[in-house]
Amino acid sequence: MAIKYVCGDFLEFQESLKKMREVDDKIIYALNTSIPTESFKGQVDAKGTCEGLFRQLQVAHNEREQAIRNCIVIAADRVKVLREERDGNRDDVGIDKSFKAEQRKLRLLQSELNVEDIVKERTHKAFSERCRLFFKPDSL
C-alpha cells in the first residue's frame with residue numbers, strides 16, 4: 001500500500017500518515033471478522049489469517065517509519081542549510097523566519113516517531129490478544 005507522501009508540507013504529510021495508519025485503526029474490526037470464535041474454530045484458518053495480518057501490519061509499520069525518518073533527514077538538512085544562511089545574513093528576517101519554521105517542522109516530524117510507537121504498541125496489543133493462541137511472531 002504505497003501512499004505518496006510529501007515532506008515539504010507537514011499537514012499534507014500528516015494526512016498521508018493518517019491514510020497509511022488505516023490498517024492500524026481498523027485492526028480490531030479486522031481481527032473480529034477474521035479470527036473465529038470458539039464455535040467456528042474449525043472453519044477458518046486462524047493461524048494463516050493471523051500470519052497474513054501480521055505481515056500486512058509489519059509492512060505498514062516499516063513504510064510509515066521509513067517515511068517519517070526520510071522526512072526528518074530532509075528537514076534536518078534544510079535546517080542546517082538555513083542555519084548557515086542565517087549565520088551569514090543576520091539581518092535577513094526572511095531567512096530567520098524560514099529557519100524557525102523549518103525547526104518547528106523538524107520537531108513535529110520527530111514527535112511523529114513517538115506517535116508511531118504508540119500506534120504500533122496499541123496495534124500489537126490488540127493483535128496479541130486475539131492471535132496469541134494461533135500465531136506467535138518472532139518480532140513481537
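In which helix is the place of D96? In this predicted model, D96 sits in helix α5, and that helix makes a handy starting point for a walk through the structure.

The setting comes first. The protein chain is built from 5 helices and 0 strands, so its elements, read from the N terminus, follow the order α-α-α-α-α. Confidence averages a pLDDT of 87 over the protein chain, and 89% of the residues score at least 70. Among the elements, α5 has the highest mean pLDDT, at 93, whereas helix α3 (residues 27-34) has the lowest, at 84. Of the 140 residues, 34% count as buried. The protein chain exposes about 9,000 Å², and carbon and sulfur atoms supply 52% of that area. For contacts between residues at least 6 apart in sequence, 73% join residues at least 24 apart.

Helix α5 deserves a closer look. This helix has 39 residues and reaches 56 Å from its first C-alpha to its last, close to the 57 Å expected at 1.5 Å a residue. At its start, a side-chain oxygen of D92 comes to within 3.0 Å of the backbone nitrogen of G94. D96, also in α5, counts as partly exposed because its relative accessibility is 23%. Although 14 residues separate D96 from L82 along the chain, their C-alpha atoms are 7.9 Å apart.

Two charged residues of α5 can be followed further along the helix. K105 belongs to α5, and K105 counts as buried because its relative accessibility is 13%, under the 20% cut-off. With neighbours within four places in sequence left aside, K105 is in contact with C7, G8 and F10. E112 is likewise found in α5. With 6% relative accessibility, E112 also counts as buried, because the cut-off is 20%. Beyond its neighbours within four places in sequence, the contacts of E112 are F10, Q14, L17, R21 and I68. F10 therefore appears in the contact lists of both K105 and E112, contact being heavy atoms within 4.5 Å.

The nonpolar interior comes next. In soluble globular proteins, nonpolar side chains tend to be buried together. Here, the largest nonpolar core has 16 residues, and F13, L17, I68, C71, I72, L106 and L109 are those with the most contacts inside it. Helices α1 (10-20), α4 (46-88) and α5 (93-131) each supply at least two residues of this core. The largest share, 7 residues, comes from α4. A second, separate core has 15 residues, including I35, A60, F127 and F134. Two residues of the largest core, L17 and I68, also turn up among the contacts of buried E112.

Helix α4 offers one further example. E51 lies in this helix and counts as partly exposed, because its relative accessibility is 25%. E51 and F134 are 83 residues apart in sequence, yet their C-alpha atoms are 8.8 Å apart in space. F134 is one of the residues of the second core, which places E51 of α4 at that C-alpha distance from a member of the second core.

Conventions
Residues are numbered from 1 along each chain as its sequence is written. This is a predicted model: local features need pLDDT of at least 70, side-chain atom pairs count only at pLDDT 80 or more; totals for chains, interfaces and linings use all residues. Side-chain values use heavy atoms; hydrogens and water are left out. A nonpolar core is a set of buried Ala, Val, Leu, Ile, Met, Phe, Trp, Tyr and Cys residues joined through side-chain atoms within 4.5 Å. Buried means under 20% relative accessible area, exposed over 50%, partly exposed in between (1.4 Å probe, protein chains only). Helices (H or I, at least four residues) and strands (E, at least two) are DSSP runs, numbered from the N terminus. Accessible areas come from the Shrake-Rupley method with a 1.4 Å probe; for residues, only the protein chains shown count as cover. pLDDT is the predictor's confidence in each residue, from 0 to 100. The expected span of a helix is 1.5 Å times one less than its number of residues. A polar contact is a pair of N or O atoms within 3.5 Å; within protein, one must be able to donate a hydrogen and the other to accept it, and residues adjacent in sequence count only if both atoms are side-chain atoms.
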